[in-house]
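Here are a few notes to read alongside the model. I hope they help you find your way around.

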Protein chains: 2
Amino acid sequence: MEYCFGVDIGGTTVKIGLFSRKKGLLEKWEIPTRKGTEPTPLLKDIKYEIEECLNRNDLKKEHLAGIGMAAPGPVTEDGCLRGTVNIGWGDVFLGNEAEDLISVSPIFIGNDARVAALGEYTFGAGKEVNSLLMVTLGTGVGGGVILNGKILAGVSGTAGEIGHMTMNPYEEEQCNCGKKGCLEQYASAQGMVRVARKVLVNTDKPSVLREMDVLTAKKLWDAGKIGDALALELTEYISRMLGMAIANACYIVDPEMVVLGGGVSQAGEFLLDMVQRAYAENVFPHCRDKKFALAKLRNDAGIFGAAALVFQSVN
Amino acid sequence: MEYCFGVDIGGTTVKIGLFSRKKGLLEKWEIPTRKGTEPTPLLKDIKYEIEECLNRNDLKKEHLAGIGMAAPGPVTEDGCLRGTVNIGWGDVFLGNEAEDLISVSPIFIGNDARVAALGEYTFGAGKEVNSLLMVTLGTGVGGGVILNGKILAGVSGTAGEIGHMTMNPYEEEQCNCGKKGCLEQYASAQGMVRVARKVLVNTDKPSVLREMDVLTAKKLWDAGKIGDALALELTEYISRMLGMAIANACYIVDPEMVVLGGGVSQAGEFLLDMVQRAYAENVFPHCRDKKFALAKLRNDAGIFGAAALVFQSVN
């Protein structure tokens, strides 16, 4: 069948896209995320949006190959979305619930970072490769592994969670997850600011970073780009943590390509080069020449990946 | 076809086993590893041994489903054995060379730690699961990932190399691989002794470890078991590094089971419990209840895994 919907459920908005197998993304829009203790109200909103969209395009549910959904929590191999803090639900087989409520089948479900990785693999930076690791540098650090075109979900749904890899066994501050020393504490937007603030307090070195009212990850990378010495030291330290974590992950799955995405990755080639150099310093010569790329689909990676979930499984 | 050979090429000996699909391992023996700049002499030795074995069992090459081989170096997805320091060869498509020389086809080739993992998966500790990570604690630290019954090789052949995951970005001594802070520096037999020696020099605490002429990993774990306080501190530190590294790996592949093998794993349940506890302290609640097991096939994991390479691919 020719059409499908890709739905990306985030903590604040739900992005929805109508896709054609031949023509790709036809239209996209977003609605606010309705929060609650169970998913029915939100699924009803999605059902309404999808039915409206089918009507205005003169399409019927029979024209749909299915619906793909990305959600902000671990999703196990058998489709269970584990307790999602961001939205407020407990464990739920979201695909099954959505199929019953929306009366479309099949409905596929995946973790948002993993689905975004599938989006980049199928339609973005990874179109030419067979396997990739995507690392999403946003408020947190997410990740996803694609092997032979399929998301690696894992038995507990946590395959790809590179953000909570322990990178520093001697860290004293706590990560949001409760552990200490997670990559996220150094390489998320929040973590980068944390690292920078700590260094700013402990040194007298001059830096444009001192003059800022509100320090952000973007401003830190911008300062690095214009050659501010302290900002450069910081971005190199952060890149070293990231490069090491990616090297660690590649020692486990050894994919063909590494894709960097998420808001912070908009620091572009400057960031990509630094991270790739740090990666190369931390692996065997055999695997030093791995392909690195910036994500291409930006905020649409989730809906593209959700569409890929459908089109790769249904003819 | 009913029979195959499993061959495990090590730095000092080559283990060979004749397997029947129905009856399992029929006989096994070993020969010294002939070293050289290319594999032909060693392959000729293996050919001789295999032909002798077929003769004494009244079998012909036509009865063979194939031969599986494990080798001490990274093996890429397309079957290239990368430069093996232990034996002295450069990059070689060992399976193809062996097929030409031995006149048996197909001949499968895999990295020794990955093949051992497949052995445990098919015939040993992992018989009941669908995916596993095996960590081999020997002179070095090796590893292998099995997903849906297949070895995850990776594009460069380094998938599973958990021993060279960076666990301590502040380590000052160098690993054999040239990097600093690899798991192997803490959790290999050599690494454990290194850690213990360093602590012994820097503390006055009494310990039976001080009275030993030659400290070994086995003696360290034995001292921990009888309650020597310093040995316990050391085994807990080592287990923490191991548990963290396994947690890091599980955040990438999230398998159903973790198997600990290799000589040091003979410290048994005492070691397994400590490592599993350290693992659980370093992961999300979702994945804390992962299955942990000790390897069962010991030194035969390689030949069993090599046989599995054949039987899983050839009917």
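1. In this predicted model, helix α3 of chain B (residues 112-123) lies across four strands of chain B: β6 (131-137), β7 (141-147), β8 and β9. Helix α3(B) runs at about 50 degrees to β7(B). Helix α7 of chain B (residues 229-253) lies across β6, β7, β9 and β10 of chain B, running at about 150 degrees to β6(B).

2. The strands under discussion belong to an open sheet of 5 strands in chain B, with the order β8-β7-β6-β9-β10 and mixed pairing. Strands β8 (150-151) and β10 (291-294) of chain B each have a single partner strand, so one side of each is left without a neighbour in the sheet. Strand β9 (residues 257-261) of chain B runs parallel to β10(B), and 4 bridges join the two. If you want a residue to look at, B:L260 has B:L294 in β10(B) as its bridge partner.

3. How do the two chains relate? A turn of 180 degrees with a shift of 0.0 Å along the axis lays chain B on chain A, with an RMSD of 0.0 Å. That is the relation of a two-fold axis. The copies meet through the same surface, because 100% of the interface residues of chain B are also interface residues in chain A.

4. Chain A is divided into domain 1 (3-120 + 299-311) and domain 2 (129-295). Between them these domains of chain A bury about 1200 Å², 63% of it on carbon and sulfur atoms. A:E77, A:R114 and A:E120 supply 48% of the area that domain 1 of chain A buries against domain 2 of chain A.

5. The rule finds 1 salt bridge across that domain interface of chain A. The side chains of A:R114 and A:E161 meet in a salt bridge at 3.4 Å, N to O.

Note on methods: Residues numbered from 1 in each chain as written. Chains lettered and ligands numbered in written order. Predicted model: local features only at pLDDT ≥ 70, side-chain atom pairs only at ≥ 80, totals over all residues. Heavy atoms only, no water. Pairing = 2+ DSSP bridges. Contact = heavy atoms within 4.5 Å. Axes fitted to C-alpha atoms, helices over the stretch in contact; angles between N-to-C directions. Least-squares fit on C-alpha atoms with pLDDT ≥ 70 in both. Domains from an automatic or database assignment. Buried area = accessible area lost by both parts, 1.4 Å probe. Salt bridge = Lys/Arg side-chain N within 4 Å of Asp/Glu carboxyl O.
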